[in-house]
Amino acid sequence: MDELEEIRKRRMEEIKTDLEKTNWPAEAMIISDADFEDFVSRYPLVVVDCWAEWCGPCKRVGPIIDSLAGQMQGDVVFGKLDTDQNQVTARKFQITAIPTLLVFKNGQLADRMVGALPQVSIQEKIKSYL
């Protein structure tokens, strides 16, 4: 009977984890200086798209981020940070070129990708942190 109870317990934990992941955003969230730290520490893997409205390459990366947010829901959470409106965070992470994607693992900066990279490259880099 103990073995059956252990299986039930394990399955309940799996179900709980799956339910928590379905509550993760399926779209990129708009973040600011005020909520940045809370956002990147709330989920195990977060990718932040640092962009600006006037940036042409950013406009090419934006739809890729939106698409990946839906595809990778439950594994990765995506955020968008307008560097013109949130200069404190942009300076803190030394964002000197945009678009820049910041990868946070367990609240800590793990990697960055600079430039208008194709979706496959972005996806491969992110998957290496799963």
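Below is a short conversation about how the features of this predicted model get their names.

Me: What makes cysteine 55 and cysteine 58 a disulfide?

Reply: Look at their sulfur atoms. The S to S distance is 2.4 Å, and a disulfide is called when two cysteine sulfur atoms lie within 2.5 Å. The pair meets that cut-off, so a disulfide joins cysteine 55 to cysteine 58. By this rule the count comes to 1 disulfide.

Me: What is a disulfide in chemical terms?

Reply: It is a covalent bond between the sulfur atoms of two cysteines.

Me: Why is the disulfide of cysteine 55 and cysteine 58 called right-handed?

Reply: The answer is in the torsion about the S-S bond, which is about 80 degrees, so the disulfide is right-handed.

Me: Why does cysteine 50 have no such bond?

Reply: Its closest cysteine sulfur belongs to cysteine 58, and that atom is 9.2 Å away. The cut-off is 2.5 Å, so the sulfur of cysteine 50 is too far for a bond.

Me: How do you know whether these cysteines are buried or exposed?

Reply: Compare each relative accessible area with the cut-off: buried means under 20%. Cysteine 55 has 3%, cysteine 58 has 5% and cysteine 50 has 0%. Each value is under 20%, so cysteine 55, cysteine 58 and cysteine 50 count as buried.

Me: Now to the sheet. How do you know that S4 and S5 are paired?

Reply: Two strands pair if there are at least two bridges between them. Strand S4 (residues 100-105) and strand S5 (residues 108-114) are joined by 6 bridges, so they pass, and they run antiparallel. One of the contacts to look for is threonine 100, whose bridge partner in S5 is valine 114. Between the strands of this hairpin there are 2 residues, and asparagine 106 takes a positive phi near 50 degrees.

Me: What about S1 and S3, how do you know that they pair?

Reply: Here 3 bridges join S1 to strand S3 (residues 77-82), which meets the requirement of at least two, so they pair; these strands run parallel. In this pairing, isoleucine 30 stands opposite lysine 80 in S3.

Me: What makes S1 and S5 the edges of the sheet?

Reply: The open sheet has 5 strands in the order S1-S3-S2-S4-S5, with mixed pairing. Strand S1 (29-31) and S5 each have a single partner strand, so one side of each is left without a neighbour in the sheet. On average, neighbouring strands of this sheet are turned by 30 degrees against each other, direction ignored.

Me: Which helices lie on this sheet?

Reply: Helix H3 (residues 56-71) lies across strand S2 (45-51), S3 and S4, at about 155 degrees to S3. Helix H5 (residues 119-127) packs on the sheet too, touching S2, S3, S4 and S5.

Me: Which parts do the buried residues of H3 pack against?

Reply: They pack against S2, S3, S4 and H5. Among these buried residues are Cys58, Val61, Ile65 and Leu68.

Me: How do you know that glutamine 123 counts as buried?

Reply: Its relative accessibility is 18%, and the cut-off is under 20%, so glutamine 123 counts as buried. Glutamine 123 sits in helix H5. Leaving aside neighbours within four places in sequence, glutamine 123 is in contact with Leu68, Gln71 and Met72.

Me: Why is the pair of phenylalanine 39 and tyrosine 43 called edge-to-face?

Reply: First, the ring centres are 6.2 Å apart, within the 6.5 Å needed for a pair. Second, the planes stand at 70 degrees, and over 60 counts as edge-to-face, so that is the name. Both phenylalanine 39 and tyrosine 43 are buried. Ring pairs also link Trp24, Phe39 and Tyr43 into a cluster.

Me: What makes phenylalanine 93 and phenylalanine 104 an edge-to-face pair?

Reply: The centres are 5.5 Å apart and the planes make 90 degrees, so the pair meets both cut-offs, within 6.5 Å and over 60. Phenylalanine 93 lies in the loop between helix H4 (87-92) and S4, and phenylalanine 104 in strand S4, so the pair ties together parts that are 11 residues apart in sequence. Phenylalanine 93 and phenylalanine 104 are both buried.

Terms used
Residues numbered from 1 in each chain as written. Predicted model: local features only at pLDDT ≥ 70, side-chain atom pairs only at ≥ 80, totals over all residues. Heavy atoms only, no water. Helix = DSSP H or I, 4+ residues; strand = E, 2+ residues; numbered from the N terminus. Axes fitted to C-alpha atoms, helices over the stretch in contact; angles between N-to-C directions. Contact = heavy atoms within 4.5 Å. Buried < 20%, exposed > 50% of the residue type's maximum accessible area, 1.4 Å probe, protein only. Phe/Tyr/Trp six-rings, centres within 6.5 Å; stacked < 30°, edge-to-face > 60°.
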